[in-house]
Structure formats: C-alpha cells, structure tokens
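Biologist: Could you take me closely through the metal site of this model, and through the ligand that sits with it? I would like one connected account, with the residues named as you go.

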Amino acid sequence: MLAIRLVAEPDRLDTLVLPLRPAGKGAGGDAPAVPAPTAVALPDGVVDEAAALAPAARLTGRAGELRAQFRPGRTPGLLVLVGVGEGDEASWRRAGAALVRAVADETHITISVPADASPAAVRGLYEGLLLASYRFRLTDAGDAPALTGVDLLVADPEPYLAVVETARTTARLTRWARDLTNTPSSVKNPEWFAEQVAARVAGVPDLHLRVREPAELAAEGFGGILTVGGGSAHGSRLVELDWRPADARTHVVLVGKGITFDTGGISIKPVPAMKLMRKDMAGAAAVVAATVGAAALRLPVRVTALAPLAENMVSGSAFRPGDVVRHYGGTTSETTNSDAEGRLVLADALAYAVQELRPDLLVDLATLTGANAVALGKRTGALYSENDELAAGVLAAVAEAGEAAWRMPLPADYVEYLGSELADLYSAPTQGAGSVVAALYLREFTGDLRDRWLHVDMSAPSWADADDAELTKGATGWGVRSLLRWLATLG
Ligand code: BES
Ligand code: MN
Ligand code: ZN
C-alpha cells in the first residue's frame, strides 16, 4: 500500500501536484480553471505558471481532470495539475484516483492541499489514492508502478489526523476484501477463507473468532451450509467474528454470502455465467473486512460477522434438484435448482443470528442473483428492508462512501411463489423478479427481527469490468466502505 504522509514542510519537490478548481461560469461558456489557494509557500513562480497553464491547456477544473507539465532542470521537475471540481469528498476521491494512475511512473509525489480543504476532502483524496492504486497479482511478472510515497502538504496536520486514520483503515480493509474476492478458487476454499480471517484477527483485543467445521455444523443443524457444500472435496465452514467493545449499546449482526465457487451444482451454469463465480463470496469478504475495520477503529458498537462458507460443486455427493434441506432451527426448503444456493446458506446464518445472537439490527450482503444487474445496472446494489429508518441510514452511508444502492420493494403478491407442497418453503421460484423473490425468501428466516433486517443483493457492484475512478478491474470490495460509514453512525 502507498505510504501517504501529512507534512507541513515540503521534503522533496521532484513532482508537485497543484489542485485546480472551476472559476465559475463565464458569459461565453466555461471559464478556465484556477489554482486553489495553497496552504504552504511553494517555489517561486509555480502557482503563476499553473494559473497560466490552465487556460492554455483549456482546463476546466472538473474532478479528475489532469495535465502533467515537465520542467527539465527546474524544481519541481514535473508539475501536475489536477481538477478537484467543487472540492467535496466525492470530487477529491475522483481526483485522487485519476492522479494516482497518471503519476504511476514517478516514485514520489507531493500534493499541495488547499488551505481551505475540509477533513472530508482529505478523506476523499486519501481513499481515492489508496483504492485506485490497488493491484492484484499472483506473480511478480509485469511492471509494478514506481510510485511508493505521497506527501500531502498542509499548514497543520492536526485537523486531518482523525479522518486520515479512518480513511487508511477503510482503504486497507477494502483492499483486503478485494484480495479475498480476486483470489482464484483453486486456492480459495472455505477452510482457506477461515484461515485468512484467523491470520488477520490474531492478537486484536476484544475481537473473537469462532470457526465451525462440518462436524459441528452437523451437530447444530446447519443443513443449508452443509447441503450446498456437500458436492465439494472442501468442507463447509461457518465463520463467526465478534467485535465486542465494552462500551457498546447496539449489537449489529452482518451476514455475508460465502460461496467460494459457484458452478451452479447439478443445475450447472453455462460457461460464460460460471467464469467469474470465484467472486461469489464477496458478501462474506465485505462483512468480515468491515468487522475487522470496526475493531481497528474501535467503533463503540458490537458487530458480529457471520460468513457461511461453502463450495457449490458437481459430484456424486452434490445435492439434487428436488432435495429438501433442513435449516438451522428446523425450517425446511425444497429446491429444484441447485444454482439458487446462496439463499440456502444465508437462511441458516440468518436463523442462527435471530435465535441465538438476538441482535438489535440484522444486515446481510450477498452476490445473490444475476437479476440485480438486470434491474439496476453494473454499479448499484439492490437494497431491501421493511424499516424506513434503517434503509435511509444505510442508503445515506452508501452514498457518502461513494458506493451505490437502490431501495427495492418487498411486494406481497410474490410471496405465494414461495409455497411448496413438500416443505415449508420453495427456494427457487421461476416466477416474479429474481432479486425480489430471493429477498422475500430470506425474509422468512428473519423471525422477530423482520422489521430490523436489511438485505443488499450486491451481485452487480461486486465486480468491475475495467478500471473506473477508485475501482480497479476485478473485485471492488463493495460494501466495506458503506458498512464502516454506517457502523460509525451507530453506538
Ligand atoms: N451467484 C449467483 C448469482 C450471480 C450471478 C452473482 C451473476 C453474480 C453474477 C447465484 O447463486 C445464482 O446462481 N443465482 C441464480 C438464481 C436462480 C437459480 C433462481 C440466478 O441469478 O440466476
Ligand atoms: Mn448459484
Ligand atoms: Zn451463487
């Protein structure tokens, strides 16, 4: 991860970054951008040069706009102008992301933070720099970016120290969730995932981990998790990670779907649909990373992450379409499509949370249906809750974090599709909107927490086809930023 420091005196000025803002609308269209007021004195003439370059290069100051000017034999040797738009957090996030890509060949840069930059602006810059510079590689081959150090030049670091700590933790854990999700499933099985969590939390005070293995899952009746993993050579696991600070008044349970590979099972997926199914544990990665983040930031709220982990494979021991699954607590599901496996493992974890953990709030994140992208496109999660206040709180956190979600309804007229002649519920209806019906099925396991439950189908935003602002091609770590923002509002 890039080393970013707040400094009051420039240390080395080989590459200097100056922010530009829009000057406002002129009579004849957009006026050229102007340099933001600097907090610290810079080498003579540099700001004037930037002010002259902006109109010459037709810069408007929109967030993420970039212009690099080499100045051989002078200091700085490279002057980079970056647009920061309205100067809000989202604009700075975008600017930081664009900048870190543009200067990847430099080893060190110094960014002049404007005198009037808010702590939120610095948070956006920080997260943009750290998230857009993420790379996932299993080999050293190929050229790694040269950039290792970034200095943020400020008059006084003090007002920014707290947000910097939050931003660094948020970015670090989002990057970890991306790592877990990008890892190929030849490496990533339920046991491996649980080991990664164990290594990450070892020695953190007040953070407790329990991992259930197949024998314990069987003894306690976690039939959904065991059934889905039944076709795999790698046994299922249930990760229970508990951040329990002494001063907590609210208890939140976060459940994340953890299918380490989804072939579809006997109802096998076609080749194109199966290609990316190593990402089918992105919900589990997000909830575990957010819980580690809550502990790192010592948020005064109890958070328990539950990650039901299984590999949905095709073999002689795989479950069959038409089998009846008995979930934790005894509810049964008939399933005629082994590709609707996520809801079966989530049902166990939700029922366990409701019956044994009895939290104040219950939230689950899952790469649950392809229908999420059909309804809402590539970047937006489908959010469901009967609780307006809870939905509004999470939606606000999602927006501030720079992620996206859209609230969806839980219509009564689809509930009849969940009826089964054999069992309590039918898990794979073919009627109704796919993401909505999946949410209605999960709701059946929320018991007396039904109106304190929130579900996000995050299949679509869990993955990016190409680099895009702070997202990098591949796993996005969707949900870590949103959950940490939201958890910080509780307590
Ligand atoms: N993991 C998939 C959902 C998915 C699809 C995630 C595409 C990300 C991208 C899930 O297990 C699944 O297969 N869902 C089925 C449900 C159907 C069988 C009721 C689907 O969406 O087709
Ligand atoms: Mn599936
Ligand atoms: Zn799946």
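Modeller: What follows is a walk through the two metal ions, then the ligand beside them, and then a few other places in the chain.

Please keep in mind throughout that this is a predicted model. I begin with the manganese ion (ligand 2), whose protein donors are Asp262 through OD, Asp339 through both O and OD, and Glu341 through OE, at distances of 2.0 to 2.2 Å. The angles among its 6 donor atoms run from 72 to 168°, and the site is classed as irregular. Along the sequence, the donor residues of the manganese ion (ligand 2) follow the spacing D-x76-D-x1-E. Asp262 lies in strand E13 (residues 258–262), while Glu341 lies in the loop between strand E16 (332–334) and helix H10 (342–357), so this pair ties together parts that are 79 residues apart in sequence. Both Asp262 and Glu341 are buried.

The zinc ion (ligand 3) has as its protein donors Lys257 (NZ), Asp262 (OD), Asp280 (OD) and Glu341 (OE), and these lie 2.0 to 2.4 Å from the ion. In sequence, the donors of the zinc ion (ligand 3) are spaced K-x4-D-x17-D-x60-E. For the geometry, the 6 donor atoms of the zinc ion (ligand 3) make angles of 79 to 172°, and the site is octahedral. As a yardstick, ideal angles are 90 or 180 degrees for six octahedral donors. The zinc ion (ligand 3) and the manganese ion (ligand 2) are 3.2 Å apart, with Asp262 coordinating both. Distant parts of the chain are linked here as well, for Lys257 is in the loop between strand E12 (251–256) and E13, and Asp280 is in the loop between helix H8 (271–274) and helix H9 (282–296), 23 residues apart. Lys257 has a relative accessibility of 2% and therefore counts as buried, the cut-off being under 20%. Asp280, likewise with a relative accessible area of 2%, is buried.

Turning to the ligand, 16 residues surround ligand 1, and the closest are Asp262, Lys269, Asp339, Glu341 and Gly370. Asp262, Asp339 and Glu341 are thus among the closest residues to ligand 1 and also among the donors of the manganese ion (ligand 2). The shell around ligand 1 is made up of 8 charged, 5 polar and 3 nonpolar residues. In terms of individual contacts, a polar side-chain atom of Asp339 lies 2.7 Å from an oxygen atom of ligand 1, and a polar side-chain atom of Asp262 lies 2.9 Å from an oxygen atom of the ligand. From Gly370, by contrast, the contact comes from the backbone, where an N or O atom lies 2.8 Å from an oxygen atom of ligand 1. On its own, ligand 1 has 520 Å² of accessible area, and the protein covers 76% of that.

Two loops that adjoin helices named above hold residues with a backbone feature to check. Arg298, in the loop between H9 and strand E14 (302–312), has a positive phi near 50° although the residue is not glycine. With a relative accessibility of 47%, Arg298 counts as partly exposed. Arg358, in the loop between H10 and strand E17 (361–366), also has a positive phi, near 45°, and is again not a glycine. The relative accessible area of Arg358 is 62%, so this residue is exposed.

Another backbone feature concerns the peptide bond from Thr75 to Pro76, which is cis with omega near -5°. Pro76 is placed in the loop between strand E6 (66–70) and strand E7 (78–83).

Last comes helix H14 (residues 480–489), in which 8 of the 10 residues are buried, so the helix is largely enclosed by the rest of the structure. The buried residues of H14 include Val480, Leu483, Leu484, Trp486 and Leu487, and Arg481, Ser482 and Arg485 are buried there too. Arg485 has a relative accessibility of 11% and so counts as buried. The C-alpha atoms of Arg485 and Ala397 are separated by 5.4 Å, although the two residues are 88 residues apart along the chain. After H14 comes Gly491, with a positive phi near 120°.

Note on methods:
Residues numbered from 1 in each chain as written. Chains lettered and ligands numbered in written order. Predicted model: local features only at pLDDT ≥ 70, side-chain atom pairs only at ≥ 80, totals over all residues. Heavy atoms only, no water. Donors = N, O, S within 2.8 Å, 3.2 Å for Na, K, Ca; no water. Tetrahedral: all angles 85-135°; square planar, octahedral: opposite > 155°, others 65-115°. Helix = DSSP H or I, 4+ residues; strand = E, 2+ residues; numbered from the N terminus. Buried < 20%, exposed > 50% of the residue type's maximum accessible area, 1.4 Å probe, protein only. Near = heavy atom within 4 Å. Polar contact = N/O pair within 3.5 Å; in protein donor to acceptor, adjacent residues only side chain to side chain. Areas by Shrake-Rupley, 256 points an atom, 1.4 Å probe, with all protein chains shown as cover. Nonpolar A, V, L, I, M, F, W, Y, C, P; charged D, E, K, R; others polar.
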